[in-house]
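Here are a few friendly notes to read alongside the model. They cover the empty spaces inside it and how some of its helices pack.

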Amino acid sequence: MAKPAGSKPSPAKPVSLALQGGGAHGAFEWGVIDRLLEDGRIEIKAATGASAGAMNAVILAAGLLEGGPAAAREKLEAFWRAVNAVGGRNVFGDWGAWGEALTSAMTPDWLKATPGWQIAQSWAASFSPYDFNPLNLNPLHDVLEEHVNFAQLRARSPIALYVSATAVRSGKSRIFRTNELTGRHIMASACLPHLFQAVTIGDEAYWDGGYLANPALWPLFYDPTPADILIVNINPFVRDEVPRTAGAIVDRLNEITFNASLVSELRAIAFVQKLIEDGLLSEDAQGRYRHMLVHAVDAGRWLGALSMETKFDTEWSFLSSLRDRGREAADLWLETSLQHVGHRSSIDLRAEFL
């Protein structure tokens, strides 16, 4: 039904974004965010992320700080163009010449299936980043510093930020909040231990946040953030077939590993929801128990056919295609699920996780 002439537009619905990590596949998230900002019917009030998701979160916040949604869209594109410019093997992983070949998305599948290739891959993986990158060079840090004024972001970020990293010695998840973020914190969140040296912050060394929080949802339960969480997951939850090749097995194992923490948190949300809805638990003023509403843009339909190796592919044609897929996925979500924001979850957590 058309709105009466002169009627005011409905206010944007507040949400928190939850952004998974996944290397170059983070460009899919860029597309989702770009479309949501363009649409304007939701207002992003917080963002929690790991690895590439953390990068998208701080770039989004920096853009919003500089000039609102339009500036955020421009800054996200500028960031991903810079990622393309410095090259994938230097950004999302640098195994040297062997690693560049072994992670190339252009390598034919028939070659990857040969015993010689698999032996070479195992040999390359046996090297430590302390061996093949002793100077610990990572131009992504410079890219982030170029695109984000972290001092301004710490002081005046328009959205709450939560960046996860994994403490190497304690084995615990660490959440870095807005007022402490620097480029090193983002590097810590994106530190794959077989590719990069651990990032030391204070007296602790950190690896990729995705191992224990991909992304972290629990900070959103306790802080004054919107009750609606929009998850953008880029590691498919479900596969229709059992993998049989060595590469496919490793890919699926990585997907399961990097989804495990998110599945656990969603199961916890579903359990608390059930207790509240069944009258066995009450929401309280202290915010210890909140009835969180969960929504998801699931990349499985758009990224499911891509192998893990494409997470290292930063060719512009590939990144822009991921962006376009993200925009298409966001369009579908806006059409089917936006109406539920503020009212109920648009995914059935009980059916999926209990």
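A cavity here is a set of grid points where a 1.4 Å probe fits but cannot get out, whereas a pocket is an open set. Please keep in mind that this is a predicted model.

1. How many cavities are there? With a cut-off of 30 Å³ or more, the structure holds two cavities. The largest cavity has a volume of about 90 Å³, and the second largest cavity has about 40 Å³ of space.

2. Let's start with the largest cavity. Its lining counts 13 residues, and those closest to the centre are Arg239, Glu255, Leu306, Met308 and Lys311. Helix α12 provides the largest share of this lining, with three residues. Sorted by class, the lining of the largest cavity has five nonpolar, four polar and four charged residues.

3. Which residues line the second largest cavity? They are Ala62, Leu65, Glu66, Val148, Asn149, Gln152 and Leu153. Two helices, α2 and α9 (150–156), each supply at least two residues of this lining, and α2 gives the most, with three residues. By class, the lining of the second largest cavity has four nonpolar, two polar and one charged residues.

4. Next, an open space. The second largest pocket has a volume of about 350 Å³. It is lined by 21 residues, and Asn233, Phe237, Ala296, Asp298 and Ile347 are the closest to its centre. By class, the lining of the second largest pocket has 14 nonpolar, four polar and three charged residues.

5. If you would like to find this pocket by its secondary structure, look for the strands β7 (228–233) and β8 (293–298) and the helices α12 (246–277), α14 (316–336) and α15 (349–353), each of which supplies at least two residues of the lining of the second largest pocket. The largest share, four residues, comes from α14. Helix α12 turns up in two places: it contributes to the lining of this pocket and to that of the largest cavity.

6. Now for the helices. Two packed helices are described by the angle between their axes and the distance between the axes. For α1 (residues 26–39) and α2 (residues 52–86), the angle is about 25° and the axes are 9 Å apart. Angles under 35 degrees count as roughly parallel, so α1 and α2 are roughly parallel to each other. Their crossing is right-handed.

7. Where do α1 and α2 touch? On the α1 side, the residues in contact include Trp30, Ile33 and Leu37, and on the α2 side they include Leu60, Leu64, Leu76 and Trp80. By class, this contact has 11 nonpolar, three polar and five charged residues.

8. Helix α2 also packs with α8 (residues 139–147): the two axes come within 9 Å and cross at roughly 150°. Are α2 and α8 roughly parallel or antiparallel to each other? Angles over 145 degrees count as roughly antiparallel, and α2 and α8 are therefore roughly antiparallel to each other. This crossing is right-handed.

9. In the contact of α2 with α8, Leu140, Val143, Leu144 and His147 in α8 meet a set of α2 residues, among them Met55, Ile59, Ala62 and Phe79. By class, the contact has 11 nonpolar, one polar and one charged residues. Ala62 deserves a second look in the viewer: it is among the α2 residues that meet α8, and it also lines the second largest cavity.

Key: Residues numbered from 1 in each chain as written. Predicted model: local features only at pLDDT ≥ 70, side-chain atom pairs only at ≥ 80, totals over all residues. Heavy atoms only, no water. Axes fitted to C-alpha atoms, helices over the stretch in contact; angles between N-to-C directions. Parallel < 35°, antiparallel > 145°, perpendicular 65-115°, else oblique. Left-handed = near helix turned anticlockwise from the far one by under 90°. Contact = heavy atoms within 4.5 Å. Nonpolar A, V, L, I, M, F, W, Y, C, P; charged D, E, K, R; others polar. 1 Å grid on protein atoms, 1.4 Å probe; cavity = no way out; pocket = protein on both sides within 12 Å on 5 of 7 lines; lining within 4 Å. Points joined across faces, edges and corners; volume = space filled by probe spheres on them.
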